[in-house]
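Hi,

Here's the structure I promised to pass on. Have a look at it first, and then read my notes underneath.

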Amino acid sequence: MQIVQRLNSLNNNPISLQRLAAAAFSFLILTLSFATQADQGNSASAESWLKRMGQTFKAANYSLSVIRVNQQHFEPIAIEHGIVDGEPLVYVNYLNGPEREILHRGDTVTYFQHDEPPYSVAGQRAVGPIPRAFINNIDVLKTSYRFVLGGRNRVMGRAAQLIRIEPKEADRYAIWVWLDAEHGMLLRADLVAPNGEPLEHVQIVSMAYSESPSPIVQQLSQVTLPAPVPLMESEQVSGQGRVRWVAGYVPSGFELVGRDRHKLGATNGLVDYQLYSDGISSVSVYVGSAVDGQPGQSLVSKGATHLMTVAKDGVEVAVVGQLPPETITRIVESVHPVVTKNAQPGKAP
Amino acid sequence: MTDKFERVSALVDNQLDDKMIDALLDDPELQDQWARHHAVSDAVRGDDVSLLSTDFAASVSAAIEQEPTVLAPKPAKTKSTVKVPGKVVRMFRQVGQYAIAATVAAVAIVGVQQTGQESVEEQPLPILNTNPVVGVSASPVSLNATPVNNSAQSQADARQRLIEQRRRINAYFQDHELQMRIQQPQHTARAVKQQDADSSTTEQPQQ
């Protein structure tokens, strides 16, 4: 009210009116920012940090050297990103071991491996060690995760802000990310178990931004790529005339991404397959006939990825995913057969 | 002399008095005699007899003290501990303590619980990059356990089964990686399901 009175009295003096308006505006902004900081857990600002991180992945041309470490091995990865003719291009190269490269150009992802001819698939997928949700849309994580602002650390010689992406329930792993305090890009990400123990690390060890796309990117933008493999509509393939297997329990927020029936590896038999994902972790469910008819179960780990197989009644159920072993066990135990409308009653494959 | 020794044997038989005991405590010859008497009677009775005199024990300990100390390297518990920064190696090291063969520990898998049989893995089979995980109902491959059935054929069978199991486990991991790439991503799959009116599934994803 005081401001209004003062405004009225200054009708004839436009300059100080502006100054007053500026003061009022900045006061308003200040109040609003105080209100934002009072948010529980500062989740709004944590989310804005993560959104900014997504932006840094999509904008500009850059080259990254990334190291991924888990219990098993130590994997250096080179990532090139550029925008050529308005089309983003990402090239991921695994530097150790047999050759493995991934090229994501526009809407196609092409995989190059030393032991098979390259193949392409359409669509946006996780490319390389950085979860797709970080780059595309962090909102998919909001159903199952909370964003918590942490403290400041020094990572890669720079001041970094820690953001903890914590699951709302302890049935999956958390991701802790360190973002550059000044520009917001990802410096380090850890996959963390519910007890706080880090299971996998991804760290960016060098990065270079440039005005124009690097030579590799420019070269790759011209390369002819194989046409995308047409993916079978998974609904049509599975459940025809057979018992359908269903995972009764998946952790909340996990959605069915795909389902089909295919051959496991080169020498093994057919399996019913389902893939679930919540934006960060993926979990696969396999159901096939047991190899030798003997009952048994086993749990095998590769870093943060666990595989549990249970063989019973001639059927082997296997679940693989980046989830704590307890969750994997629950999923395995919940897998059960369902007779579909079109199916003839019969035993599992 | 013999008279003195006769008195020792009499003392052994509880037949003499305090004066004899004092004499015994003073005279080393008598002490030796006393020790020999008791050794003999123990041997006759069938008890274990230590035939080493105290002199021998003393000379052995003196000899040991004179030997130069040899700094023997500690036997390595297991050579298969992978050096990984951070705390991520903790789980593996606990299990490694029970490994006998260094080459085996890296490839040991938590064994499939076969009824009545546990196979002992001793060959360095191709490494699966897998790790046993604690806290599972399946028992770990125990290298101390002897197989129930000792025949060579069943051991070979068990080994073959283990190879098959490992190959299958590898196949699962690789297929998982592959499927994460080629399965249709969420937004596309959802679009497909929206178009597909006729569906018999009971577990539609939430839309």
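Below is what turned up when I went through it.

One thing up front: this is a predicted model, so please read everything here in that light.

Let's start with chain A as a whole. It has 7 helices and 19 strands. Of its 349 residues, 51% count as buried. The accessible surface of chain A comes to about 16,700 Å², with 55% of that belonging to carbon and sulfur atoms. If you take the contacts in chain A with a separation of 6 or more, 48% are between residues 24 or more positions apart.

Next, the nonpolar cores. The largest one has 42 residues, and A:Leu50, A:Phe134, A:Leu141, A:Ile165 and A:Val177 are the ones with the most contacts inside it. Helix α3 of chain A (residues 43–58) gives the most to this core, namely 5 residues. What does A:Leu50 touch once its neighbours within four places in sequence are left aside? The list is A:Ile138, A:Phe147, A:Ile163, A:Ile165, A:Val177 and A:Leu179. There is also a second, separate core of 20 residues, and A:Tyr276, A:Val285, A:Val287 and A:Leu323 are among them.

On to the rings. Over all chains I get 4 aromatic pairs. In one of them, A:Tyr62 and A:Tyr209, the ring centres are 5.5 Å apart and the planes are at 50 degrees; that falls between the 30 and 60 degree cut-offs, so the pair is tilted. This pair links distant parts of the chain: A:Tyr62 is in strand β1 (residues 61–70) of chain A and A:Tyr209 is in strand β11 (residues 198–210), 147 residues apart. A:Tyr62 is buried, at 5% relative accessible area, whereas A:Tyr209 is partly exposed, at 40%. Elsewhere, ring pairs join A:Tyr273, A:Tyr286 and B:Tyr172 into a cluster, which brings in both chains.

Two charges sit over rings as well. The charged end of A:Arg164 is over the ring of A:Trp176, 5.5 Å from its centre. A:Lys302 has its charged end over the ring of B:Phe173, 5.0 Å from the centre.

Last, a single residue: is A:Thr108 buried or exposed? It has 18% relative accessibility, and the cut-off for buried is under 20%, so A:Thr108 counts as buried. It lies in strand β5 (residues 108–113) of chain A. Not counting residues up to four places away in sequence, A:Thr108 touches A:Leu103, A:Ser120, A:Val121 and A:Pro228.

Cheers

Notes:
Residues numbered from 1 in each chain as written. Chains lettered and ligands numbered in written order. Predicted model: local features only at pLDDT ≥ 70, side-chain atom pairs only at ≥ 80, totals over all residues. Heavy atoms only, no water. Phe/Tyr/Trp six-rings, centres within 6.5 Å; stacked < 30°, edge-to-face > 60°. Helix = DSSP H or I, 4+ residues; strand = E, 2+ residues; numbered from the N terminus. Buried < 20%, exposed > 50% of the residue type's maximum accessible area, 1.4 Å probe, protein only. Lys NZ or Arg CZ within 6 Å of the ring centre and 35° of its normal. Core = buried A, V, L, I, M, F, W, Y, C linked by side-chain atoms within 4.5 Å. Contact = heavy atoms within 4.5 Å. Areas by Shrake-Rupley, 256 points an atom, 1.4 Å probe, with all protein chains shown as cover.
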